[in-house]
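Visitor: I should like to examine one part of this model closely, in the setting of the whole fold. Please take me through it in one connected account.

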Amino acid sequence: LFRSGSINSSLDDLSNVSADDMVQLNAYISDTGVCNDHGKTYALYAITVHRRTLDGIDETWKTYRRYSDFHDFHMRISEQFENLSSLLKLPGKKTFNNMDRDFLEKRKKDLNSYLQILLNSEMVKACPDIAHCVYNFLENKAYNKGKGDFAR
């Protein structure tokens, strides 16, 4: 486990806590489904998240994200952490036949690879502030998109 700072570090220095929490966070896309909402069809990815808190308590939850959520998240972190764009590639958008089972399985695999890079301890060491962003994205709540901030 990587820990920055010394034992005497102040309690208000939350950057250490978030980086440590991040090292203890695992996530993978466990399932893919197709949803139909008011005539709009889209794929939904079920992400199983496992977190071990600093006091050793294990938490597991599922959260659901669309590809557009991943895209929006990627745009946000790419803008915030400029050095990420060379390390982190989001699978591309596809307009036609994007509900095809084979395509969804491949995208699930690619999005899983993307998540694993984000959760890698080396990534957290290189970008300690990213931990908070990733945790927010993986929380079990509706993802708050920054609508209007980015070109779709």
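Visitor: Among contacts in the protein between residues at least 6 apart in sequence, what percentage join residues at least 24 apart? With that as background, please describe the cluster of aromatic rings around Phe70 and its surroundings.

Guide: The model is a predicted one. Of the contacts between residues at least 6 apart in sequence, 59% join residues at least 24 apart. The chain forms 5 helices and 3 strands, arranged along the sequence as α-β-β-β-α-α-α-α. Of its 152 residues, 38% are buried.

The structure contains 5 aromatic pairs. Ring pairs join Tyr45, Phe70, Phe73, Tyr114 and Phe137 into a cluster. Two of the pairs involve Phe70 and can be followed in detail. In one, Tyr45 and Phe70 meet edge-to-face, with 6.4 Å from centre to centre and 90 degrees between the planes. This pair connects distant parts of the chain, for Tyr45 belongs to strand S2 (residues 40–52) and Phe70 to helix H2 (residues 67–80), 25 residues apart. Tyr45 and Phe70 are both buried.

Phe70 also pairs with Phe137, again edge-to-face, at 5.1 Å centre to centre and with 70 degrees between the planes. Because Phe70 sits in helix H2 and Phe137 in helix H5, this pair ties together parts of the chain 67 residues apart in sequence. The relative accessible area of Phe70 is 0%, so Phe70 falls under the 20% cut-off for a buried residue. Phe137, at 1% relative accessibility, is likewise counted as buried because its value is under 20%.

Phe137 has a charged neighbour as well: Arg65 lies over the face of its ring, 5.5 Å from the ring centre. Arg66 is placed over another ring, that of Tyr42, at 3.8 Å from the ring centre.

Tyr64 is found in strand S3 (residues 58–66). Setting aside residues up to four places away in sequence, Tyr64 touches Leu44, Tyr45 and Ala46; Tyr45 is thus a point of connection with the cluster. Tyr64 has a relative accessibility of 44% and therefore counts as partly exposed. Its C-alpha atom is 8.9 Å from that of Tyr143, although Tyr64 and Tyr143 are 79 residues apart in sequence.

The helix that carries Phe137 also packs against another helix. Helix H3 (residues 101–119) and helix H5 (residues 130–138) have axes 10 Å apart, at an angle of about 140 degrees. That angle makes H3 oblique to H5. H3 contributes Leu115, Leu118 and Leu119 to the contact, and H5 contributes Ile130, Val134 and Leu138. By class, 6 nonpolar residues make this contact of H3 with H5, with no polar and no charged residues.

Helix H3 also holds Asn112. With a relative accessible area of 16%, Asn112 is buried, because that value is under 20%. Leaving out residues up to four places away in sequence, Asn112 touches Tyr28 and Ile29.

Note on methods: Residues are numbered from 1 along each chain as its sequence is written. This is a predicted model: local features need pLDDT of at least 70, side-chain atom pairs count only at pLDDT 80 or more; totals for chains, interfaces and linings use all residues. Side-chain values use heavy atoms; hydrogens and water are left out. Axes are lines fitted to C-alpha atoms, for helices over the stretch in contact, and angles run from 0 to 180 degrees between N-to-C directions. Helices (H or I, at least four residues) and strands (E, at least two) are DSSP runs, numbered from the N terminus. Angles under 35 degrees count as roughly parallel, over 145 as roughly antiparallel, 65 to 115 as roughly perpendicular and the rest as oblique. Contact means heavy atoms within 4.5 Å. Ala, Val, Leu, Ile, Met, Phe, Trp, Tyr, Cys and Pro count as nonpolar, Asp, Glu, Lys and Arg as charged, and the others, Gly among them, as polar. Rings of Phe, Tyr and Trp (its six-membered ring) pair if their centres lie within 6.5 Å; planes under 30 degrees apart count as stacked, over 60 as edge-to-face and the rest as tilted. Buried means under 20% relative accessible area, exposed over 50%, partly exposed in between (1.4 Å probe, protein chains only). A charge sits over a ring if NZ of Lys or CZ of Arg is within 6 Å of the ring centre and within 35 degrees of the ring normal.
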